[in-house]
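Open the model in your viewer and keep the sequence panel visible. The tour goes through the cysteines, then one sheet.

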Amino acid sequence: MVKLEKPLSKNMELVAYHDLNGQPGFQMALQVVEGRYYLYVTTYYHKGWQILDVTDLNNIKCKHLDDPRGKSGTVYPKVQIANGIMITASGQRVRFLPMEGVDYDDYDAGIEIWDVKTDPMNPKLLGFWSNGGGEGIDGVNTHRNFYAGGRYVYTTSSCPGFLNNILRIIDIDNPAEPVEVGRWYLKEQWLDGMDHVDWDTDKIDPEALCPYPGYKHYHLHMPQVKDGYAYLAYCGYGLVILDVKDVTRPKYVGSLRIDPPFSDFISCHTALPMSGKNSNYLILTQEMGGTAKRAQFAGIVDISDKKNPTLVSLFPPYSVPEDAPFKNYVEKGGRPGLHNFHQPQGQPNYEDREDRQYLTCFNGGIRVYDTSDIFNIREIAYYIPQDPEKDVWPIPKMMNDGQVISRCEDVLVDDRGYIYMTDSNGGLSVFKCLV
């Protein structure tokens with residue numbers, strides 16, 4: 001492991017930093033109300049959320065939002081905001097993220113529906129949808145859901161009678177009484193249609209990032225919806241495209257297998273439709289588990305023929321700076337690999353450029369790519385934070401000989417061009433790209 005004593009950067013300027021009250025962030029969402037910019041940040045280890053007024057980056061205001069139900073086994077890793085409505089994901093704390101004093105069987109799993117327009121710094125809980133249970137590798141939860149406004153939330157959710165997360169579409173027109181109106185799943189996930197899987201929790205290795213090594217799991221990680229089609233990033237399979245013009249009857253349209261050869265804990269992490277002149281293309285990526293020494297996949301798929309999506313281009317490997325004290329990101333230590341692209345989702349105050357993409361790469365920091373020519377994608381900027389002095393999120397395998405490595409999680413870019421990045425061993429960093 002090589003500890004980075006100072007940041008490494010190219011064409012990126014650090015504008016502001018906030019420690020998030022010592023509760024490192026995970027996913028982010030943003031809205032603008034009456035000219036003020038509000039950022040909402042989740043965590044995967046602590047309770048509740050952080051709300052920040054980032055209108056003036058020289059004077060960031062931060063407030064903690066508590067979970068109104070307060071169950072110790074609940075985590076809230078994901079958030080979506082559109083039209084003044086915030087959707088937060090909740091679920092069972094995963095057992096391979098150990099925490100003292102937690103009752104892992106005391107949790108809520110589903111989505112919370114909040115009014116964040118009336119008083120952005122003081123959200124009002126409007127309703128809660130419970131997913132009813134289920135079973136799977138990530139416990140009982142909803143995870144990276146999709147909400148871009150309107151009455152429907154496209155959840156990746158566990159479900160009774162099914163293995164791992166499936167697509168469940170929730171009508172929130174009456175937020176006090178949300179109801180499921182449609183669902184879709186791979187046939188292998190229907191427990192009555194397959195050999196039942198019994199999780200032997202006594203054999204779970206708490207130090208392993210994947211508690212069921214070798215198990216080939218089918219698991220919906222993330223949906224994205226655009227123009228009546230849902231694009232599903234399906235672990236253990238790849239890309240699945242659905243026609244969701246009738247939300248009560250999602251219809252299979254086409255798919256692209258990437259697992260194998262790109263098999264990993266989260267073999268298909270992101271399926272992100274592009275915009276503008278690139279609107280017939282989609283970004284498809286995986287996420288590597290732990291410190292695995294495997295090839296990393298991020299590519300662009302032609303979806304003009306939705307029955308036959310085709311991989312047409314690959315993102316270049318993220319570079320190692322010439323002045324870096326390590327030869328590669330496995331040697332650097334911590335967790336290598338890709339994580340989140342900036343996801344505009346049609347929101348008016350998010351940057352959405354056809355010629356630019358932003359990607360977090362765990363121990364490799366944040367990367368900016370020029371995608372004006374999707375057949376010649378170029379890395380044009382990066383920022384790799386210096387490693388922290390102490391561990392604030394003690395995930396197994398993140399420390400070695402007392403050293404802690406930064407872990408860059410999520411990225412969001414607003415319409416002013418400010419780039420927000422969370423670090424699960426640090427706080428919130430805000431950048432400007434200089435090119």
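Start with the cysteine sulfurs of this predicted model. A search of the whole structure returns zero disulfides.

Select Cys159. This residue takes part in no disulfide, and the nearest cysteine sulfur, that of Cys235, lies 17 Å away. Is Cys159 buried or exposed? Its relative accessibility is 1%, so Cys159 counts as buried.

Keep Cys235 displayed and add Cys268. The closest cysteine sulfur to that of Cys268 is the one in Cys235, at 6.9 Å. Why is there no bond between them? The 6.9 Å separation is too far for one, because a disulfide needs the two sulfur atoms within 2.5 Å. Cys268 also counts as buried, because its relative accessibility is 0%.

Next, hide the cysteines and switch to a cartoon view. Select strands S1, S25, S24 and S23: in that order they form an open sheet of four strands with antiparallel pairing. Which strands lie at the edges? They are S1, residues 8–10, and S23, residues 356–360, each of which pairs on one side only. Look across the sheet to see the twist: ignoring direction, neighbouring strands are turned by 25° against each other on average.

Now zoom in on S1 and its neighbour S25, which covers residues 378–384. How many bridges join S1 to S25? Three do, and the two strands run antiparallel. To end the tour, select Ser9 together with Tyr383: Tyr383 is the bridge partner of Ser9 in S25.

Note on methods:
Residues are numbered from 1 along each chain as its sequence is written. This is a predicted model: local features need pLDDT of at least 70, side-chain atom pairs count only at pLDDT 80 or more; totals for chains, interfaces and linings use all residues. Side-chain values use heavy atoms; hydrogens and water are left out. Buried means under 20% relative accessible area, exposed over 50%, partly exposed in between (1.4 Å probe, protein chains only). Two strands pair if DSSP finds at least two bridges between them. Axes are lines fitted to C-alpha atoms, for helices over the stretch in contact, and angles run from 0 to 180 degrees between N-to-C directions.
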